[in-house]
Amino acid sequence: MKFYYDFHIHSCLSPCGDDDMTPFNIANMAKINGLNIIAVTDHNSCRNAAAVAEAAEGLNITVLAGMELTTSEDVHVLMLMPSQKAALELDSYVASKRMRVKNRSEIYGRQLVMDARDNIIGEESDLLIAATDIGVYETAAIAEKFGGVAVPAHIDRESNGLVSVLGSLSADMGFTLTEFSRTAKDGFIETYSNLGYGAVHDSDAHRLEEIAVCGGKNSLEFDFLPTTEAVIAALKSMGGIGRKKIPYRQH
């Protein structure tokens, strides 16, 4: 059966995320929108993902922890993890690689860490949207090290999209999946499918009203509501780079 997902949701920890993007609000908006699987992917941090997962308990929603990593080339890559433990380990690793620039909340926005009841329990002082010194060619291997999967984010977009920034997506980067925005043209998607890449379709939501709804291209097939580990395994199996080419099918 089809399970609908959104693997690219920012919380109020991202400076560009609305303050209403709290754990409780994200979990319940996902439920209202008919989503079954979501991922919390703040800029260069995973620290609100556990709170969203706790807020989603009882809602029949699988919550993945992840982040939207900014590489040294200023490319955005989703890093989706199989567990909260793996995500926190990735968080610590990326924190050691981040450029340290103090956040100016009056310009960029606040960076709030919350618990599942939307209580503020901390605030990140360094600007999270700053680049790391992790290169694009390292990201797939890093994600694999922590048991997860790396996905170049919104490759159809000019801003921070891998194709726009670097000119092309090549097999030696190690990716098997690509992410497309909701406005991506079918022909653009099919080009990368024909090269053997799997595709996910996400919202890149920074506001509650931007979170994806069920009924679009954003679905995966499972027999029952999957665990986070099962979702990661399914994502890893989708790409055809170095394996059998998977034809593009619009869901």
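These are my notebook entries on a predicted model, taken region by region.

**Cores.** I began with the nonpolar cores and looked up the largest, which has 51 residues; I38, M79, M81, L90, L169 and F175 are the members that touch the most others. I then listed the contacts of M81 beyond four places in sequence, and found L64, A65, A86, A87, L90, A143, F146, G148, V149 and I232. Apart from this core lies another, of 20 residues, which includes F3, Y5, L64 and L235. I noted beside this that nonpolar side chains in soluble globular proteins tend to be buried together.

**N44.** I turned next to a polar residue, N44, which sits in the loop between β2 (37-43) and α2 (49-55). Is N44 buried or exposed? Its relative accessibility is 1%, so I entered N44 as buried. For the side chain of N44 I found the backbone oxygen of L128 at 2.7 Å. Leaving out residues up to four places away in sequence, N44 touches M67, E68, L69, T70, D91, V94, R98, L128, I129, A130 and T132.

**Helix α7.** In α7, which covers residues 186-194, I recorded I189, Y192 and S193 as buried. Looking down the axis of α7, I found that the buried residues fall within an arc of 105°, and they therefore line one face of the helix. Among the elements that cover these buried residues of α7 are α6 (162-166), β8 (177-180) and β9 (198-201). After α7 comes G196, for which I noted a positive phi near 105°.

**Aromatic rings.** My search of the whole structure gave six aromatic pairs. In one of them, F3 and F222, the ring centres are 6.1 Å apart and the planes stand at 70°, so I entered the pair as edge-to-face. Because F3 belongs to strand β1 (residues 2-9) and F222 to the loop between β10 (219-221) and α8 (228-238), this pair ties together parts that are 219 residues apart in sequence. I checked the accessibility of both partners: F3 counts as buried at 7%, and F222 counts as buried at 13%. Ring pairs also link F180, F188, Y192 and Y197 into a cluster, and Y192 is one of the residues I had already entered as buried in α7. I looked for charges over rings as well, and noted K145 over the face of Y93, at 5.5 Å from the ring centre.

**K31 and its contacts.** K31 is in helix α1 (residues 23-32), and with a relative accessibility of 40% I entered K31 as partly exposed. What does K31 contact beyond its neighbours within four places in sequence? I found L59, N60 and I61, and a polar atom of the K31 side chain lies 3.0 Å from the backbone oxygen of L59. I also noted that K31 and V213, though 182 residues apart in sequence, have C-alpha atoms 9.3 Å apart in space.

**Positive phi.** Most residues other than glycine have a negative phi, and with that in mind I looked up two entries. N60, a contact of K31, is not a glycine but has a positive phi of about 60°; N60 lies in the loop between α2 and β3 (62-70), and is exposed, with a relative accessible area of 55%. D204, also not a glycine, has a positive phi of about 55° and lies in the loop between β9 and β10. With a relative accessible area of 10%, D204 went into my notes as buried.

Terms used
Residues are numbered from 1 along each chain as its sequence is written. This is a predicted model: local features need pLDDT of at least 70, side-chain atom pairs count only at pLDDT 80 or more; totals for chains, interfaces and linings use all residues. Side-chain values use heavy atoms; hydrogens and water are left out. A nonpolar core is a set of buried Ala, Val, Leu, Ile, Met, Phe, Trp, Tyr and Cys residues joined through side-chain atoms within 4.5 Å. Buried means under 20% relative accessible area, exposed over 50%, partly exposed in between (1.4 Å probe, protein chains only). Contact means heavy atoms within 4.5 Å. Helices (H or I, at least four residues) and strands (E, at least two) are DSSP runs, numbered from the N terminus. A polar contact is a pair of N or O atoms within 3.5 Å; within protein, one must be able to donate a hydrogen and the other to accept it, and residues adjacent in sequence count only if both atoms are side-chain atoms. The arc is that of the directions from the helix axis to the C-beta atoms. Rings of Phe, Tyr and Trp (its six-membered ring) pair if their centres lie within 6.5 Å; planes under 30 degrees apart count as stacked, over 60 as edge-to-face and the rest as tilted. A charge sits over a ring if NZ of Lys or CZ of Arg is within 6 Å of the ring centre and within 35 degrees of the ring normal.
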